[in-house]
Amino acid sequence: MAKKIKLFDPSVGTEEQRVTQQVLKSHFWASGAGIGHVKKFEDSFRKFIDSDDCVAVNSGTAALNLALSLMDLKGKEVIVPSLTFVATVNAILLNGGKPVFADVKHDTMCIDPHHIEKLITKKTKVILPVHYAGMPCDLDKIQQICKKNDLILIEDAAHASGAKFKGKRIGSHGDIVCFSFHPVKNLAMPTGGLIAINSEHQKMRDVLLARRWCGITNRNNFEYDVKEIGWNYYMNEISAAIGLIQLKKLDAMNRTRRQISKRYSKEINLERKMPFDENCSYHLYWVMVKNRKKFMEKMFNAGIETGIHYRPVHTMSLYKKNISLPITETAGKEIVSIPIHQNLSDAEVDRIIRIVNQNV
């Protein structure tokens, strides 16, 4: 029987094993102060994306929550796509804001700038685009909208480590950019996230450093102060050490993903599928199928994992809204993620394409 093909699969080599052993043997596994490998990872990732500053945290969810905690959102609105992981929207609610859902573009599944403009009110404070599946949003238009309306741009780049827009890496554009380093992500860690800062970075960094460690400031040996509430959001040393190795391999791993996506976009016999783009990091590769349940069952029976990313947030009980987002709603019924990662062999890619084409 043919080997099962995983939807996600991190790249783990001897280097990751070696640094994990080193950290374990050091007995220094974590520090709320974010020193050691954590600081090295912040510095390395900042250079990689060319942002003003970076603050490492323990998840993409923590990054979003901390970033939005800087904004004083009480009574304010945040424009966000509904086609995203619910953590993006939860962070708005947790910080007292109101999510306003925008539709996505038909070809990329990224937020539609034209719809953003229609949704802006006097209460709008933040635009929160998601670089869906690793495809960069139209940041030129979104930044113009932000400038025109005096709005803050916070990007959800959970899928976009290593992606580019107009020659610059994602992470160097918006005021704040949030990354995720979950085990299924392009840059994988046991758990991890990061906030890239490109506006008032020293002031923001100081606040973020306190809030990621329970609000602790002015630390001097055993003495410290707490002036405001914070969370237990700091990154651990094992994750950071693995992340430093993953960062060295990220461009090569993303190149493999792009090579696979190029084949999918040429050889899969479906009208609606993710387009090929050299700037995309291809965390996911999506196709649209009419009878999704039957299609996914056939893929499963052929030993190929698939997934759904995502059920639109505005259709969930907590966020149920009587609004019309036609492209998002169609995607919510038809979108399927198929395997795309650096561990796929040519034979496995051949098999995925063949099985998809047999069942659409």
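In the predicted model, strand β12 (residues 285-288) and strand β13 (residues 335-338) run antiparallel and are joined by 4 bridges. Within this pair, M288 stands opposite I335 of β13. The side chains of β13 alternate in direction: I335 and S337 point one way, V336 and I338 the other way, and all are buried.

A further group of strands forms an open sheet of 7 strands with mixed pairing, in the order β1-β9-β8-β5-β4-β2-β3. The edge positions are taken by β1 and β3 (98-102); each has a single partner strand, so one side of each is left without a neighbour in the sheet. On average, and with direction ignored, neighbouring strands of this sheet are turned by 25 degrees against each other. Strands of a sheet pair through backbone hydrogen bonds, in either a parallel or an antiparallel manner. For strand β5 (residues 152-156) and β8, the pairing is parallel, with 3 bridges between them. One facing pair here consists of D156 and C178, the latter in β8.

Several helices are placed against this sheet. Helix α3 lies across β1, β4 (124-127), β5, β8 and β9, and runs at about 160 degrees to β8. Helix α6 (residues 139-149) lies across β4 and β5, and its direction is at about 150 degrees to β5. In helix α7 (residues 201-211), the buried residues are M204, R205, L208, A210 and R211. The cover over these buried residues of α7 includes the helices α2 (37-49) and α3 (60-69), together with the strands β1 (53-57), β8 (176-180), β9 (193-197) and β10 (216-220).

Two individual positions were examined in this part of the chain. T124 is found in strand β4. Its relative accessibility is 8%, and T124 therefore counts as buried, the cut-off being under 20%. Not counting residues up to four places away in sequence, T124 touches E77, I79, L119 and L151. The C-alpha atom of T124 is separated by 37 Å from that of T306, and the two residues are 182 residues apart along the chain. N95 lies in the loop between α4 (86-94) and β3. With a relative accessibility of 12%, N95 also counts as buried. Its contacts, again not counting residues up to four places away in sequence, are with N65, L68, S69, L73 and K74.

Two packed helices are described by the angle between their axes and by the distance between the axes. For helix α1 (residues 14-26) and helix α8 (residues 237-267), the angle is about 155 degrees and the axes are 9 Å apart. This angle makes α1 roughly antiparallel to α8, because angles over 145 degrees are assigned to that class. The crossing of α1 and α8 is right-handed. On the α1 side, the contact involves E15, E16, V19, T20, V23 and L24, which meet E237, I238, A241, I242, I245, Q246 and K249 of α8. By residue class, the contact of α1 with α8 comprises 7 nonpolar, 2 polar and 4 charged residues.

Conventions. Residues are numbered from 1 along each chain as its sequence is written. This is a predicted model: local features need pLDDT of at least 70, side-chain atom pairs count only at pLDDT 80 or more; totals for chains, interfaces and linings use all residues. Side-chain values use heavy atoms; hydrogens and water are left out. Buried means under 20% relative accessible area, exposed over 50%, partly exposed in between (1.4 Å probe, protein chains only). Helices (H or I, at least four residues) and strands (E, at least two) are DSSP runs, numbered from the N terminus. Contact means heavy atoms within 4.5 Å. Axes are lines fitted to C-alpha atoms, for helices over the stretch in contact, and angles run from 0 to 180 degrees between N-to-C directions. Angles under 35 degrees count as roughly parallel, over 145 as roughly antiparallel, 65 to 115 as roughly perpendicular and the rest as oblique. A crossing is left-handed if the near helix is turned anticlockwise from the far one by less than a right angle, and right-handed if clockwise. Ala, Val, Leu, Ile, Met, Phe, Trp, Tyr, Cys and Pro count as nonpolar, Asp, Glu, Lys and Arg as charged, and the others, Gly among them, as polar. Two strands pair if DSSP finds at least two bridges between them.
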